[in-house]
Amino acid sequence: MAKSLVNTHARFGTLPVFFTALSTILGAVLFLRFGWAVGHVGFWGVIGIIVLGHVVTIPTAFAVAEIATNQRVQGGGAYFIISRSFGMNIGGAIGITLYLSQAISVAFYVIAFGEAFEPLIDWIYQQYGFYIPDRRWISIPTMALLSVLILVKGANLGMKALYVVVIVLFTSILFFFLGNSPIKPPEINLHARIVNHENFFYVFTIVFPAFTGLAAGLGLSGDLKNPQKSIPRGTLWATFVGMLIYIAVAWKFTNSASPEDLVSDQLIMRKIALWGPIIPVGLAAASLSSALGSIMVAPRTLQAIGFDNIFPENNINKWFARGRKQDNEPVNASLITVIIAFVFVAVGSIDFVAQIISMFFMVTYGAICLISFLEHFAADPAYRPTFRSNWYVSLAGALFSFWLMFKMNAPYAAASIVIMGLIYYMVMLGNEENQGLNKLFKGVVFQLSRQLQIFLQRADSADQQKSWRPFGVCISHDTFSRRSAFDIMRWISFKYGFGTYIHYVKGYLNAETSEESKIVLDRLIKLAHGSKNRVYLDTIISPSYTSAIAQVVQLSGISGKGNNLILFEFSRTDPQNLKEIAANYGIAESTGFDICILNTSYKSFGYKNEIHIWIRPDDYRNANLMILLGYIILGHPDWEKGKIKIFALYPKAMMNEKRKQLLGLIKTGRLPISPSNVTMVSFEEGHRKEVITKYSVDADLTLIGFTSEKIEKTEEFTEGYEKLGNILFVNANRAKAIN
């Protein structure tokens with residue numbers, strides 16, 4: 001069984017993704033059925049088909065680019081993306097249907113390849129009287145030859161052949177555009193179509209496979225040197241270039257032939273082209289390149305499915321996942337793909353196969369768009385793609401995909417959903433530990449719960465998250481004197497977590513203090529109204545600060561689970577609060593809280609342009625938490641133009657090593673921090689506080705780590721920082737992972 005879905009000898013770049021996708025887009029449908037489509041629905045009807053098709057494929061291309069830059073995309077392409085976001089059960093069900101559509105696509109393009117020989121067959125019949133009545137006499141031997149090549153040589157030969165056929169393909173399209181049609185209609189009618197024309201959505205179903213080249217490029221993910229770079233660039237460029245070429249071809253058809261001519265001759269392009277014989281050659285090249293692309297992609301999808309143990313029988317999974325020793329080529333999966341393709345080649349109907357492909361791909365594209373939309377809505381800090389789509393674009397793609405399924409063929413759509421349900425049940429039987437929806441849906445429920453609880457201010461339960469996010473609480477009796485602590489809470493709870501701000505009212509609980517607390521709460525809500533905040537506001541009545549903290553740390557919080565971070569604050573000009581914090585520090589520490597102490601100054605948060613994070617050798621537990629807090633704060637609109645700068649204070653001998661570690665952490669964590677904003681500072685430059693003041697005097701917020709041993713020395717927090725703006729001292733209860 002393969003140890004990894006990544007080919008260790010991978011050397012493909014962006015061009016193979018672009019060419020594989022584009023050659024599939026500009027494939028058999030362009031040569032055999034696009035003129036037929038113009039004849040049945042007219043120029044504007046075909047433009048509608050192109051637009052409607054790309055309402056699905058463009059959001060999918062953006063979604064793919066986004067998801068691919070959030071995680072290491074291994075072999076299996078679209079299946080890998082879906083399964084790692086939806087989970088193994090749902091991803092496996094969609095993945096199997098995706099694989100079947102890819103395997104059937106091989107047959108579709110081989111059948112089209114056989115159609116390219118129509119002019120040659122006619123010529124042989126006229127010259128020698130020998131006629132081949134069935135194109136399967138060509139397509140079946142072609143399938144056999146293609147099978148031998150892919151089983152013996154694998155993807156490398158496929159890519160070499162791909163470059164050759166792409167050149168032929170583009171040459172034939174160029175000759176088509178340069179041609180001066182002898183059958184040009186006397187006048188151009190953009191609405192013209194034949195009398196007994198086909199239904200718009202039936203024509204759409206036949207044509208839609210032309211726009212599905214996106215998935216072909218995805219399938220090479222395991223053989224790419226840099227999938228995060230190659231997949232977005234290759235798929236986006238191929239999608240847009242393909243769309244423009246199809247619009248141009250529709251215009252050329254409308255100007256060059258009547259609807260009756262377009263429908264009656266499936267190779268009408270040869271009568272329009274500058275040199276007619278190049279069109280069958282181009283069709284053969286397009287069909288062959290698309291068949292090569294599909295026969296390279298489909299086995300890799302099946303190999304990835306086997307690698308994830310999707311099928312109930314482990315021996316079957318191992319057999320599918322096994323790759324050739326030297327390059328992980330999926331020989332076993334290729335064999336199954338060849339068998340499926342042979343079955344559909346034997347059927348021989350290109351229109352029948354096109355309808356099946358359209359339905360399966362529409363399901364897959366709808367799922368990918370839905371993933372992107374849900375990832376935006378879930379707002380998981382672990383989801384940090386370097387390429388960002390818009391949630392409403394992804395939602396539109398998903399809705400149109402599922403709507404078009406039923407418009408194309410309602411019985412097929414219903415049957416495909418039933419089949420997918422049966423496949424899901426089969427997958428679930430072998431993967432009981434993965435039952436239910438994955439953390440993506442948990443994140444959506446989490447966000448829904450968070451929004452409802454904030455606006456309705458009532459407790460409810462939410463799903464737990466594996467990745468760390470802040471469930472913060474702040475207690476202060478100086479709310480109406482200083483607003484900085486409230487600002488910190490609204491920033492960290494705006495998008496990624498929960499924030500509870502509690503005003504402390506000193507006294508015993510009685511009618512008088514209860515009434516006072518209600519007045520204070522109303523005042524708090526009015527003050528917070530209008531600011532961009534999602535903080536839950538409350539008050540607490542207690543005879544002492546110690547008892548108030550003891551009560552707060554026991555609160556479950558509005559998230560339905562315990563808080564994990566507590567924020568204290570004191571004024572630099574009047575640090576008396578710090579003594580109270582130090583005296584009660586042990587309560588919060590003993591209950592497992594991450595502890596933040598905000599030192600507020602007259603500078604406050606300045607212009608909200610720069611957050612400085614200082615990392616020292618004793619910050620092994622604090623470093624990741626400080627970086628995450630900086631990233632989360634930047635997510636608030638107040639810090640829209642802000643940036644993070646990291647300063648690492650280490651001995652000179654360790655500086656190079658620590659810089660590499662930091663840059664690696666930033667890269668693997670996909671954090672928006674430029675390497676130029678990471679500064680290594682030597683211990684030899686001077687006293688620690690003097691060095692921090694020197695570099696961060698103009699910072700709007702400075703994050704400094706501390707250990708519990710230093711809390712007794714209050715001067716560590718009050719002296720030496722007089723020139724700085726607000727400082728957030730951070731102590732993590734345990735080290736946080738940045739995925």
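## Helix α6 and what follows

A helix here is a DSSP run of H or I that is at least four residues long, with numbering from the N terminus. With that in hand, let's start at α6 in this predicted model. Just past the end of α6 sits Gly129, and its phi is positive, at about 75°.

Helix α6 itself covers residues 118-128, and its buried residues are Glu118, Pro119 and Ile121. Looking down the axis of α6, those buried residues fall within an arc of 165°, so they line one face of the helix.

## A nonpolar patch on the surface

Now for the outside. Leu120, Trp123, Tyr128, Phe130 and Trp137 together make a nonpolar surface patch of about 640 Å². The biggest giver is α6, which puts three residues into the patch.

Phe130, another patch member, belongs to the loop that runs between α6 and α7 (136-153). How exposed is Phe130, then? Its relative accessibility is 48%, and because exposed means over 50% and buried means under 20%, Phe130 counts as partly exposed.

## Helix α18

Further along the chain comes α18, residues 391-408. Its 18 residues should span 26 Å at 1.5 Å a residue, and the C-alpha atoms at its ends are indeed 26 Å apart, so the two values agree.

Which residues of α18 are buried? They are Ser394, Gly397, Ala398, Ser401, Leu404, Met405 and Met408. Around the axis they take up an arc of only 140°, which means they sit on the same side of α18.

Definitions and conventions: Residues are numbered from 1 along each chain as its sequence is written. This is a predicted model: local features need pLDDT of at least 70, side-chain atom pairs count only at pLDDT 80 or more; totals for chains, interfaces and linings use all residues. Side-chain values use heavy atoms; hydrogens and water are left out. Buried means under 20% relative accessible area, exposed over 50%, partly exposed in between (1.4 Å probe, protein chains only). Helices (H or I, at least four residues) and strands (E, at least two) are DSSP runs, numbered from the N terminus. The arc is that of the directions from the helix axis to the C-beta atoms. Patches are made of residues with over 30% relative accessible area and no salt bridge: like charges are joined within 9 Å, nonpolar side chains (Val, Leu, Ile, Met, Phe, Trp, Tyr) within 5 Å. Accessible areas come from the Shrake-Rupley method with a 1.4 Å probe; for residues, only the protein chains shown count as cover. A salt bridge is a side-chain nitrogen of Lys or Arg within 4 Å of a carboxyl oxygen of Asp or Glu. The expected span of a helix is 1.5 Å times one less than its number of residues.
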